[in-house]
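Hi,

Here is the structure I promised to pass on. Have a look, and my notes on the ligand site are underneath.

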Amino acid sequence: MSNKLVWPAPTSDVPDRGKESAFQKGSAYVDGKIIPIEEAKVPLLDWGFLRSDACQDTVSVWDGSFFRLTDHLDRFERSVQRLRMDTAPVTRSGIHRIVHKLVAVCGFRDAYVQIIMTRGRPPIGSRDLRLCSNSFQAFCVPYMWIANPEKQETGMALHVSRRVRIPPQSVDPLVKHYHWLDFEMGLFEAYENGADTVVLSDLDGNVTEGPGFNIFAVIDGVLRTPSFGMLEGMTRRTVIELCKELNVDVIQENISFERLLMASEIFLTTTAGGVLPVCSVNGNRIGSGSVGEQTRRIHRSYWDKRSSGWYGEPVAYTQKDTSEP
Ligand code: PLP
């Protein structure tokens with residue numbers, strides 16, 4: 001097998017997407033309307049903005065197909081319920097229609113679609129959460145990579161911070177939320193240490209997750225991933241399923257920083273790029289310092305299966321009517 005990572009051939013945009021299109025850079029669903037992304041604005045008094053009182057889900061489109069859209073919608077519903085947002089202005093089938101239209105109006109073959117529920121705002125003069133009407137927004141932009149294919153080929157430099165990821169006792173990690181100040185301060189720490197990205201620890205010093213990804217490591221020859229204190233990423237779940245098919249055991253358990261340093265391979269999993277190899281942790285080389293055998297196999301299998309339509313739902317490109325989402 002070649003030492004190179006393999007991606008499906010780059011896809012092209014649908015032919016009728018004119019360069020002049022107002023939706024060239026993306027689309028948004030705001031206030032019940034689909035508009036060009038650059039016209040989308042945040043309502044200032046929404047507690048989603050003022051209090052980070054919001055949840056979201058992000059689904060990718062590759063080669064004209066959504067990946068695991070039903071599972072993303074399930075996770076979004078669970079987030080909404082856990083945050084006790086029970087005045088949602090849209091139904092599940094409405095959201096389903098909106099995400100298809102958001103991609104269709106842009107004509108993107110490879111895209112990133114985010115759906116968002118915010119608390120909304122109470123009447124002016126009140127701080128009573130129960131008086132808020134929840135608000136739904138969404139947007140579609142071209143596909144996003146945490147590490148682009150060139151970077152994946154060399155592997156990412158990871159910084160593990162002792163900064164604690166907001167603990168599950170404070171904010172439910174099963175909700176996909178926007179509490180990211182811990183990650184963002186950690187990212188500055190990573191940049192200062194010459195690394196590309198960061199993973200935060202839990203209160204006991206175990207690694208948790210990073211800004212937009214979960215982590216896997218081969219330690220003592222066995223693939224492992226943290227079991228606690230992180231979002232159950234859709235790509236993490238996908239990799240666990242793939243490993244079953246590939247007869248690769250995966251152990252879900254606590255991983256301390258010291259054990260992580262003993263790994264022979266490490267990779268990150270995310271909707272924003274799939275399976276991302278890591279070549280060093282806090283300046284220590286991991287394995288041979290290049291992409292490991294297991295990582296390459298899982299990476300290949302992930303993209304092969306996506307190309308074959310696994311968990312795919314083709315975008316309804318003909319549904320471009322923005323007047324009635
Ligand atoms: N952990 C956090 C905190 C995230 O925000 C994300 C994705 O944005 C992930 C993990 C990876 O999840 P997924 O594979 O569903 O993209």
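Below is what I found around the ligand and in the pocket that holds it.

First, a caveat: this is a predicted model.

Let's start with the ligand. Its shell has 16 residues, and the ones that come nearest are Lys 176, Glu 209, Met 234, Thr 235 and Thr 271. Three of these put a polar side-chain atom by a ligand oxygen: the distance is 2.5 Å for Lys 176, 2.6 Å for Thr 235 and 2.7 Å for Thr 271. On its own the ligand has 390 Å² of accessible area, and the protein covers 94% of that.

As for the make-up of the shell, I get eight polar residues, five nonpolar and three charged. Two elements, α6 (234-245) and β12 (265-270), each supply at least two of the shell residues.

Now the pocket. The ligand sits in the largest one, which has a volume of about 780 Å³. Its lining runs to 39 residues, with Gln 56, Lys 176, Trp 180, Pro 211 and Gly 212 nearest the centre. So you'll meet Lys 176 twice: among the residues nearest the ligand and among those nearest the pocket centre.

By type, the pocket lining splits into 18 nonpolar, 13 polar and eight charged residues. α5 (181-192) is one of the elements that supply at least two lining residues, along with β3 (54-62), β5 (111-118), α6 and β12. The largest share, four residues, comes from α5.

Cheers

Definitions and conventions:
Residues are numbered from 1 along each chain as its sequence is written. This is a predicted model: local features need pLDDT of at least 70, side-chain atom pairs count only at pLDDT 80 or more; totals for chains, interfaces and linings use all residues. Side-chain values use heavy atoms; hydrogens and water are left out. A residue is near a molecule or strand if one of its heavy atoms lies within 4 Å of it. A polar contact is a pair of N or O atoms within 3.5 Å; within protein, one must be able to donate a hydrogen and the other to accept it, and residues adjacent in sequence count only if both atoms are side-chain atoms. Accessible areas come from the Shrake-Rupley method with a 1.4 Å probe; for residues, only the protein chains shown count as cover. On a 1 Å grid over the protein atoms alone, a cavity is a set of points where a 1.4 Å probe fits but cannot get out, and a pocket is an open set with protein on both sides within 12 Å along at least five of seven lines; lining residues have an atom within 4 Å of a point. A molecule sits in a cavity or pocket if more than half of its atoms lie within 2 Å of its grid points. Ala, Val, Leu, Ile, Met, Phe, Trp, Tyr, Cys and Pro count as nonpolar, Asp, Glu, Lys and Arg as charged, and the others, Gly among them, as polar. Grid points are joined across faces, edges and corners, and a volume is the space filled by probe spheres set on the points.
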